[in-house]
Amino acid sequence: MTRLDELRSPMVAERARHTLLAVPLGATEQHGPHLPVGTDTVIASELCRRLAAAMPEVVVGPAVAYGSSGEHAGFAGTVSIGQEALELLLVELVRGAADFAGVVLVNGHGGNLVPLRAAVRRLRAEGRPVLAWSPSGRPDDSHAGHAETSVMLRLRPDTVALRHAVRGNTDPLPDLIDRLRRGGLAAVSANGVLGDPTRATAADGDRQLDTWAAALIDCVAQRFPPPATATR
């Protein structure tokens, strides 16, 4: 994997117009009593790493580790920059990456979706080559549940306190979203969990990462296909 922050400026100049910049977009927010507040950033960074491993024309930029996490207010460890600031940050980031062939924003936090989509609309209206991608999941397992806990057991097991994992609200997210928007996550889950992490395993996390990475790679390949090879 090639990391942007490890390259010297002449190296970037040499390859940028043939290179896609992948930027992990995460958050710093509570993930129940058992996961670290950097969970979303860790996952987005790993997906970018796998994307770059599969596609040599991808270079991975430093992660954006703060997002729109206002719905987690009241839970310790949550640091949110809000929707307006995040949208502006993403717009200026992609504008600043104009030397690259395109920018892929790999998002690990559902609360970022509104500003992320707004930023992409604005950037595409300016003619900028940008793609935003987010992993999909079960509607009854949307935050600090089985999937995220399993993935963190695979990636950062030393940061997971599985003995403190407890079942949260497992109602489908569409059934909770109105109350969540009005009163934040605390209105629908006292422990900050949406899902059931108690049976999470690293093996399940490995399978989940494979599924997400394959979907990301396919999406990027469709949006930024390699130049057609001339035939004789």
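## A walk from the surface patch to helix α2

Let's start on the outside: Y66, V79, I81 and L89 make up a nonpolar surface patch with about 310 Å² of accessible area together. A patch here takes residues with over 30% relative accessible area and no salt bridge, joining like charges within 9 Å and nonpolar side chains (Val, Leu, Ile, Met, Phe, Trp, Tyr) within 5 Å. Accessible areas come from the Shrake-Rupley method with a 1.4 Å probe, and for residues only the protein chains shown count as cover. One patch member, L89, sits in helix α3 (residues 82–96), and it counts as partly exposed because its relative accessibility is 33%. For these labels, buried is under 20% relative accessible area, exposed is over 50%, and partly exposed is in between (1.4 Å probe, protein chains only).

A word on what you're looking at: this is a predicted model, where local features need pLDDT of at least 70, side-chain atom pairs count only at pLDDT 80 or more, and totals for chains, interfaces and linings use all residues. Residues are numbered from 1 along each chain as its sequence is written, and side-chain values use heavy atoms, with hydrogens and water left out.

Now the overall fold. The protein chain has seven helices and five strands, running β-α-β-α-β-α-β-α-β-α-α-α along the sequence. Helices (H or I, at least four residues) and strands (E, at least two) are DSSP runs, numbered from the N terminus. The C-alpha trace spans about 60 × 35 × 30 Å along its principal axes, and buried residues account for 45% of the 232 residues. Of the contacts between residues at least 6 apart in sequence, 80% join residues at least 24 apart; contact means heavy atoms within 4.5 Å.

Next, step into the loop between β3 (58–60) and α3, where you'll find H72. Its relative accessible area is 3%, so H72 is buried. Which residues does H72 contact, leaving aside its neighbours within four places in sequence? They are E29, Q30, T78, H109, H143 and L185.

Helix α2 (residues 39–54) is worth a longer stop. Its 16 residues reach 23 Å from first C-alpha to last, close to the 22 Å expected at 1.5 Å a residue, with that expected span being 1.5 Å times one less than the number of residues. Why call α2 largely enclosed by the rest of the structure? Because twelve of its 16 residues are buried, among them T41, I43, L47 and R50. The buried residues of α2 pack against β2 (20–25), β3, β4 (102–107), β5 (130–133), α5 (146–155) and α7 (202–223).

That brings us to R50, which is buried with a relative accessible area of 13%. D210 forms a salt bridge with R50, the closest N and O atoms being 2.8 Å apart. D210 lies in helix α7 and R50 in helix α2, so this pair ties together parts that are 160 residues apart in sequence. A salt bridge means a side-chain nitrogen of Lys or Arg within 4 Å of a carboxyl oxygen of Asp or Glu. The side chains of R50 and D206 also meet in a salt bridge, at 3.8 Å from N to O; D206 is in helix α7 too, 156 residues from R50. Both acidic partners are partly exposed, D206 at 29% and D210 at 43%. Zoom out a little and E46, R49, R50, R154, D206 and D210 are linked in a network of salt bridges.
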